[in-house]
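Thanks for coming, everyone. Let me put the structure up, and then I'll walk you through it.

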Amino acid sequence: MTTLKKILVVDDDPVVGKSFDRVLSGKGYAVITARDGQEALDKLAREDYDAVFTDIKMPGMSGIEVAARVKTTRPWLPVVIVTGYGSDANEAAARKAGVAAFLRKPLSPEMIEDSAHAVMPENRPGAAATAVASPMPAALAPGVPWRVGTFARNVGLFFAAPFIGLAYVIALPFIGLGMLAWRGYQALAKREQAK
Amino acid sequence: MHKLYVHPLPVRIWHWINALGFIALILSGVQIRYSDILAVLPFGLAVQLHNAIGFALIGNYFIWLLFYLFTDKIKVYHPDLNPARYYRDSLRQAAFYGYGIFKGRPNPHHVSVYRKFNALQSITYQIIMILLVPLQFYTGLLLWDVNGFAGSIELFGGVRMVSTVHVLLFIFFSAFIFIHPYLASLGHTPTAHFKAMITGYEEVEEEPVKDVAR
Ligand code: HEM
């Protein structure tokens, strides 16, 4: 049995942590969230994690600073920076801090899953030895590695889409009538009770 | 207000060639069908034009298809597999188009790169692009060479069937050509979506929707 990989997601927007959780839970990861840099460092001090994903722009400590501090205390821990739009200066700074990868928003489920998979130490040959000296290039940003399974699923859904759509359209009147009937039944039942 | 790159170049090229082509196909098709009461073009020329544009658009369609098949943008053409959410989003969107928009209510859909279409758009575009457009091309191709494709026409249910499907879809697309630009004019300004379909960038009011991984 493999143990869960623990991933710390640092973002002031709780939605981001939630989407990581939705994508990664059940796939061998446990997602823990922190709302700002300080909270993240506190959590890191108390527990061991397998990877950190951090937003850049946050109130208080920036993601770059989080990355820099993690790198001084735990140089082996991969830090992935989640960047917004056109922030090349930020990227240069982050690269200097030695981050493992960049993810550019908006994030797709594949981007999240593939990057989580890619930064795990066992999937990065030689990474442990070189983590301090040479940061990994931003190999993950902005695209995603091509995978047969993902491709097949995407194409399957694509060609299924119009038929699922038609099924929705055809089902709509029945669902509408069903809901009306249910409402009517409830109203009647209430009246019976009131009598 | 910031900009989001929602319509990549291949999609824009495909779309505008396709739009012009569809208009030309509708017009030449009307001329072919009603050559007894309409004589803008000679019948033979109308047929030649209709065939040529038809083949051009079939080729053009593959720009669209291959682009979506081989990029992760394919997600914008994925169905919502959660019926409850699908119906809720559609009803909200329909209520917005039918009522809320006249009251100045905000659009319930928020554009992001992997969810650029609202629930109603996504279902119509899926049905049109992955089912109806190919069906129109296929029936058109069969009618182009009735003898050569005799076998396929038999499978389809006879030439009458093929022709009927082709004409019914023609009626549908003729209506679509009016409704679709109307709906496309309902952005935050009337020309917003048109500009987006030309430049690729949609202007988004609020902070970007951070995730699409719902
Ligand atoms: C009168 C000509 C047309 C005009 C002015 C027009 C306008 C537009 C505009 C402004 C958009 C972008 C807004 C949106 O995403 O809804 C759009 C998208 C789209 N239109 Fe049209 N259109 C025309 C004809 C057509 C035709 C004939 C078809 C197909 C048979 C078509 C299919 C589509 C599709 C599938 C999209 C979404 C494209 C994508 O991003 O994948 N349009 N159109």
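I'll take the two chains, then the helix packing, then the salt bridges, and end on a surface patch.

One thing up front. This is a predicted model. Keep that in mind throughout.

Chain A to begin with. It has 195 residues, and 41% of them are buried. Its secondary structure comes to 7 helices and 5 strands. Read from the N terminus, the order is β-α-β-α-β-α-β-α-β-α-α-α. So much for the layout of chain A.

Now chain B. Here we have 214 residues, with 42% buried. The count is 7 helices and 2 strands. The order from the N terminus is β-α-α-α-α-α-α-α-β. That puts a strand at the start of the run and a strand at the end, with the helices between them.

On to helix packing. Two packed helices are described by the angle between their axes and the distance between the axes. I have two pairs for you.

The first pair sits within chain B. Helix H1 covers residues 9-33, and helix H2 covers residues 43-69. Their axes come within 9 Å and cross at roughly 155 degrees. An angle over 145 degrees counts as roughly antiparallel, so H1(B) is roughly antiparallel to H2(B). The crossing of H1(B) and H2(B) is left-handed.

The second pair takes one helix from each chain. From chain A comes helix H7, residues 148-194, and from chain B comes helix H4, residues 119-144. The axes are 8 Å apart, and the angle is about 125 degrees. That makes H7(A) oblique to H4(B). This crossing, too, is left-handed.

Stay on H4 of chain B for a moment. B:Val133 is found in that helix. Is B:Val133 buried or exposed? It counts as buried, because its relative accessibility is 2%. Now look across to B:Ile58. In sequence, B:Val133 and B:Ile58 are 75 residues apart. In space, their C-alpha atoms are 9.3 Å apart.

There is another long-range pair in chain B. Take B:Thr199, in helix H7 of that chain, residues 192-199. B:Thr199 and B:Arg12 are 187 residues apart in sequence. Yet C-alpha to C-alpha, the two are 8.3 Å apart. B:Thr199 is partly exposed, at a relative accessible area of 42%.

Next, salt bridges. How many turn up in a search of the whole structure? There are 8 over all chains. I'll show you three.

Number one is in chain A. The side chains of A:Lys6 and A:Glu47 meet in a salt bridge, at 2.7 Å from N to O. A:Lys6 lies in strand E1, residues 5-10, and A:Glu47 in the loop between helix H2 and strand E3 of chain A, so the pair ties together parts that are 41 residues apart in sequence. A:Glu47 counts as partly exposed, at 39% relative accessibility.

Number two is also in chain A. A:Lys43 and A:Glu39 form a salt bridge, with N to O at 3.1 Å. Why are these two separated by about one helical turn? Because they are 4 residues apart in helix H2 of chain A. A:Glu39 is partly exposed, with a relative accessible area of 27%.

Number three crosses between chains. B:Lys75 forms a salt bridge with A:Glu110, and the closest N and O atoms are 2.4 Å apart. B:Lys75 is in the loop between H2 and helix H3 of chain B, while A:Glu110 is in helix H5 of chain A, residues 109-119. Buried or exposed, these two? B:Lys75 is buried, and A:Glu110 is buried as well.

Last stop, the surface of chain B. Which residues form the nonpolar patch there? They are B:Tyr5, B:Leu9, B:Ile13, B:Ile17, B:Ile63 and B:Tyr201. Together they have about 510 Å² of accessible area. Which helix gives the most to the patch? Helix H1 of chain B does, with 3 residues. B:Ile13 has its place in that helix. B:Ile13 is partly exposed, with a relative accessible area of 39%.

To recap the packing: H1(B) and H2(B) cross at roughly 155 degrees, and H7(A) and H4(B) pack at about 125 degrees. As for contacts between chains, remember the salt bridge of B:Lys75 with A:Glu110.

That's my tour. Over to you.

Note on methods:
Residues numbered from 1 in each chain as written. Chains lettered and ligands numbered in written order. Predicted model: local features only at pLDDT ≥ 70, side-chain atom pairs only at ≥ 80, totals over all residues. Heavy atoms only, no water. Patch = residues over 30% accessible without salt bridge, like charges linked within 9 Å, V, L, I, M, F, W, Y side chains within 5 Å. Areas by Shrake-Rupley, 256 points an atom, 1.4 Å probe, with all protein chains shown as cover. Salt bridge = Lys/Arg side-chain N within 4 Å of Asp/Glu carboxyl O. Buried < 20%, exposed > 50% of the residue type's maximum accessible area, 1.4 Å probe, protein only. Axes fitted to C-alpha atoms, helices over the stretch in contact; angles between N-to-C directions. Parallel < 35°, antiparallel > 145°, perpendicular 65-115°, else oblique. Left-handed = near helix turned anticlockwise from the far one by under 90°.
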